[in-house]
Amino acid sequence: MSETPETPQNPANAETPENPETPGALDDGEHAAHARQLDAGDPLAALRDRFTLDTASDQASGDAGIYLDGNSLGALPRAVPGRIAEVIAREWGELRIRSWTEAGWWTAPERIGDKIAPLVGAAPGTVVVGDSTSVNVFKAVVGGIRMAGKGCTEILVDATTFPTDGYIARSAARMTGLAVRPVEPARIADEVTERTALALVNHVDYRTGRLNDLPGITNALHSAGALAVWDLCHSAGALPVGLDAHHVDLAVGCTYKYLNGGPGSPAYLYIREGLQDRFESPLPGWNSHVAPFGMDPAYAPAEGIVRGRVGTPDILSLLALEAALEVWDGVSIEDIRTKSLALTDFFLDCVAGYAPPGRVRSVTPYDHRWRGSQVSLECARAGEVMNELIRRGVVGDFREPDVLRFGFTPLYTSFADAERAARVLGEVLRALPEEGPSTGPATDPGPEPAGAGG
Ligand SMILES: Cc1ncc(COP(=O)(O)O)c(C=O)c1O
């Protein structure tokens, strides 16, 4: 993974499909038959039943809706409502304050961190859950700057980052007297210097779905004496991350995308084991104190990952997330990756077969080494196209100015979903040719046509 990422290729727009075995030229029936074959051979297919998804009766068309926005908000795991009802009735309703100890509320941030840890290749005791990703970016960046060498004058920030990371990093740098330099991920190895404290990088680009080179970039940062801070929002639960194996220093991520924790579910912070005793939180709330109930006016940090905590955890959301994570029992992240690549390959082939030639262009790399778990297609009138897709029961999302995003969650997305989404996209593109009467959305969808997540 340490080579320079290649320029994205463009299978959805290619004259001849890149992969000779893939059936870009098949007719509709053959794509559908191929989807059935792939679903029949899918070892993860049964997991779909563990989620609440649309059924045929939910749609006027008689077809079940297709959800391809799990890269923004994951679908509801069936285990969650019952568990939350129980937490409310029994733990809050009856045990009340006793639940902090008797129901394990107090230790939930570390316990649930240990459930996320194997999914991102981290040892127990290195992940803590709580707060939003933005808040954890702040903790990680300031904490990282405080660990860096005295002569450091700058931090690097992924120039293509999801905006919140950039906003927070700039504020953190201002507070600590450092400069911020935006750098494209592929250029970080060339741009890092001995004055760089750390680089904050997105593992998968939220807009294009490009997978950045975590091992190579981390290694280059370390060679220059800088720390590597990764944002895993778009990779955790979709592909192997290998935090410990690649010696990542600090990482953050959300849990509402591929981890299906629910709207606004708490994020997590990873601190490499060997750095934990040097981690000085910029938000040293009482939950991270060595003796939180000692009520000592003087702050003394707890040992280990507990240092990443701040204040009282959001118990209902945390416990919803814990129930959502049950679906991962016995599921290997390598199998998830295999299916994710197969789904995105198949979708790209179907789009090549169904879309009018030249109408869409994939900005997601075709090369598996640099592909996350979404397909982003550049497309004229993308806002209108996505609104029409949603109206016809295919939910992806739209990113300014012209990107259609389709997220593939291997836990519940089927090959039949991928085939039908591409087929409906082809129909919509024929109905909305490139030169349309207007460039704005066909209907007013509000600020985000589908979902508020990045
Ligand atoms: C890469 C990335 N980082 C950060 C965020 C924002 O996270 P939060 O709203 O939890 O602070 C998002 C949201 O989608 C994201 O995609």
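Arg96 is found in the loop between helix H2 (79–95) and helix H3 (99–102). In this predicted model, phi of Arg96 is near 45°, a positive value in a residue other than glycine. Most residues other than glycine have a negative phi. Arg96 counts as exposed because 9 other C-beta atoms lie within 10 Å, and the limit for that class is 12 or fewer.

A positive phi also occurs at His247, where the angle is near 60°. His247 sits in the loop between strand E8 (227–231) and E9. With 15 C-beta neighbours inside 10 Å, His247 is classed as partly exposed.

The backbone has a further feature at Pro401. The peptide bond leading from Glu400 to Pro401 is cis, and its omega is near -5°. Most peptide bonds are trans. Pro401 belongs to the loop that runs between strand E14 (397–399) and strand E15 (403–407).

These loops belong to a chain of 454 residues, of which buried residues make up 49%. The secondary structure of the chain comes to 12 helices and 15 strands. Taking contacts between residues at least 6 apart in sequence, 75% join residues at least 24 apart.

The ligand is surrounded by 15 residues, and the closest are Ser132, Thr133, Ser134, Phe162 and Gly454. By class, the shell around the ligand holds 5 nonpolar, 8 polar and 2 charged residues. Two helices, H5 (133–147) and H6 (163–176), each supply at least two residues of this shell.

H5 and H6 also pack against each other, at an angle of about 35° and with their axes 9 Å apart. Their crossing is right-handed. On the H5 side the contact is made by Ser134, Val137, Phe138, Val141, Val142 and Ile145, and on the H6 side by Thr164, Asp165, Ile168, Ala169, Ala172 and Thr176. The residues of this contact divide into 8 nonpolar, 3 polar and 1 charged.

Ser134 takes part in both settings: it is among the residues closest to the ligand, and it is one of the H5 residues in the contact with H6. Leaving aside neighbours within four places in sequence, Ser134 is in contact with Thr164 and Ile168. Ser134 is partly exposed because 15 other C-beta atoms lie within 10 Å, a count between the limits of 12 or fewer for exposed and 20 or more for buried.

The UniProt record, an unreviewed entry, lists residues under "binding site", including Thr133, Ser134, Phe162, Pro163, Thr164, Asp165 and Thr312. Also on that list are Asp231, His234, Tyr256 and Trp286. Thr312 lies in the loop between strand E10 (268–271) and helix H9 (315–325). With 13 other C-beta atoms within 10 Å, Thr312 is partly exposed.

Under "modified residue: N6-(pyridoxal phosphate)lysine", the unreviewed UniProt entry lists Lys257. Lys257 is placed in the loop between strand E9 (250–253) and E10. Lys257 counts as buried because 30 C-beta neighbours lie inside 10 Å, where the class requires 20 or more.

How values were computed. Residues are numbered from 1 along each chain as its sequence is written. This is a predicted model: local features need pLDDT of at least 70, side-chain atom pairs count only at pLDDT 80 or more; totals for chains, interfaces and linings use all residues. A residue is near a molecule or strand if its C-beta atom, placed from the backbone, lies within 6 Å of it. Helices (H or I, at least four residues) and strands (E, at least two) are DSSP runs, numbered from the N terminus. Ala, Val, Leu, Ile, Met, Phe, Trp, Tyr, Cys and Pro count as nonpolar, Asp, Glu, Lys and Arg as charged, and the others, Gly among them, as polar. UniProt positions are given in the numbering used here, feature names are shortened, and annotations may be inferred rather than shown by experiment. Two residues are in contact if their C-beta atoms, placed from the backbone, lie within 7 Å. Axes are lines fitted to C-alpha atoms, for helices over the stretch in contact, and angles run from 0 to 180 degrees between N-to-C directions. A crossing is left-handed if the near helix is turned anticlockwise from the far one by less than a right angle, and right-handed if clockwise.
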